[in-house]
Amino acid sequence: MGRTKKVGPVGRFRTRGGASLRKARAKIEIQAKASYECPQCARKSVKRIGLGVWRCTKCGYTFAGGAWTPSSKLGESVKKS
Ligand SMILES: [Zn+2]
C-alpha cells in the first residue's frame, strides 16, 4: 500500500498534464524542500524526511504531516483539484 501511496500524486500530475499543473508541482517541490518551524522548539529546522514525515534537525522531533508541507492544508487542496 505504501508504494501506491508514494506513486499516486506524481502519477496524477503526469496524467492530467498541463502547464499550470506542472507549475503547481514545482511550487510543491519547493515547499517540500523548504524548512519549517518546529512545533516543539519553534526553530526553523523541520525538514521532510519522507512522504508525510517531518523531522526537526535541532531537537530531533519527528512527526507526521502533509505530504509536501508539515500541515496537510496543501495536500487537501491538491486532492480536491
Ligand atoms: Zn525542534
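This passage describes the fold, the sheet, the nonpolar core and the zinc site of a predicted model.

The chain comprises three helices and four strands, and these elements follow one another from the N terminus in the order α-α-β-β-β-β-α. Of the 81 residues in the chain, 22% are buried. The accessible surface amounts to about 6,000 Å², and carbon and sulfur atoms account for 53% of this area. When contacts between residues at least 6 apart in sequence are considered, 20% of them join residues at least 24 apart.

The four strands are arranged as an open sheet with the order β1-β2-β3-β4, in which the pairing is antiparallel. Strands β1 and β4, the latter spanning residues 62–64, form the edges of this sheet, each of them pairing on one side only. Strands β1 and β2 run antiparallel and are joined by two bridges, with Y36 having V46 of β2 as its bridge partner. These two strands form a hairpin with six residues between them, and in its turn A42 adopts a positive phi of about 65°.

The antiparallel strands β2 and β3 are connected by four bridges, and K47 is found opposite R55 of β3. Two residues lie between the strands in the hairpin of β2 and β3, where G52 has a positive phi near 75°. Strand β3 in turn pairs with β4 over three bridges, again in the antiparallel sense, and here V53 faces A64 of β4 as its opposite residue. The hairpin that β3 and β4 form has five residues between the strands, and G60 within this hairpin takes a positive phi near 80°. The two faces of β3 can be told apart by their cover, since W54 and C56 belong to the covered face, whereas V53 and R55 belong to the uncovered one.

In soluble globular proteins, nonpolar side chains tend to be buried together. In the present model the largest nonpolar core consists of six residues, namely Y36, C38, V46, W54, C56 and F63. Two of these core members, Y36 and V46, are also the bridge partners described above for β1 and β2, while W54 and C56 are the residues on the covered face of β3. Beyond its neighbours within four places in sequence, Y36 is in contact with a set of residues that includes its core companions V46 and W54, together with Q31, R43, K44, S45, W68, T69 and P70.

The zinc ion is bound by four protein donors, the SG atoms of C38, C41, C56 and C59, which lie 2.3 Å from the ion. The angles among the four donor atoms range from 105 to 118°, and the site is tetrahedral. Along the sequence, the donor residues follow the spacing C-x2-C-x14-C-x2-C. Within this set, the pair of C38 and C56 links distant parts of the chain, 18 residues apart, with C38 placed in the loop between β1 (36–37) and β2 (44–50) and C56 placed in strand β3 (residues 53–56). Both C38 and C56 are buried, and both also appear among the members of the largest nonpolar core, as well as among the donors of the zinc ion.

Outside the sheet, K27 is located in helix α2, which covers residues 19–33. With a relative accessibility of 58%, K27 is classed as exposed, because this value is over the 50% cut-off. The C-alpha atom of K27 is separated by 10.0 Å from that of W68, although the two residues are 41 residues apart along the chain. W68 is also one of the residues in contact with Y36.

Terms used
Residues are numbered from 1 along each chain as its sequence is written. This is a predicted model: local features need pLDDT of at least 70, side-chain atom pairs count only at pLDDT 80 or more; totals for chains, interfaces and linings use all residues. Side-chain values use heavy atoms; hydrogens and water are left out. Donors are N, O and S atoms within 2.8 Å of the metal (3.2 Å for Na, K and Ca); water is not among the atoms, so sites may look incomplete. Four donors count as tetrahedral if all angles lie between 85 and 135 degrees; four count as square planar and six as octahedral if opposite donors are over 155 degrees apart and all others between 65 and 115; anything else is irregular. Buried means under 20% relative accessible area, exposed over 50%, partly exposed in between (1.4 Å probe, protein chains only). Contact means heavy atoms within 4.5 Å. Accessible areas come from the Shrake-Rupley method with a 1.4 Å probe; for residues, only the protein chains shown count as cover. A nonpolar core is a set of buried Ala, Val, Leu, Ile, Met, Phe, Trp, Tyr and Cys residues joined through side-chain atoms within 4.5 Å. Two strands pair if DSSP finds at least two bridges between them.
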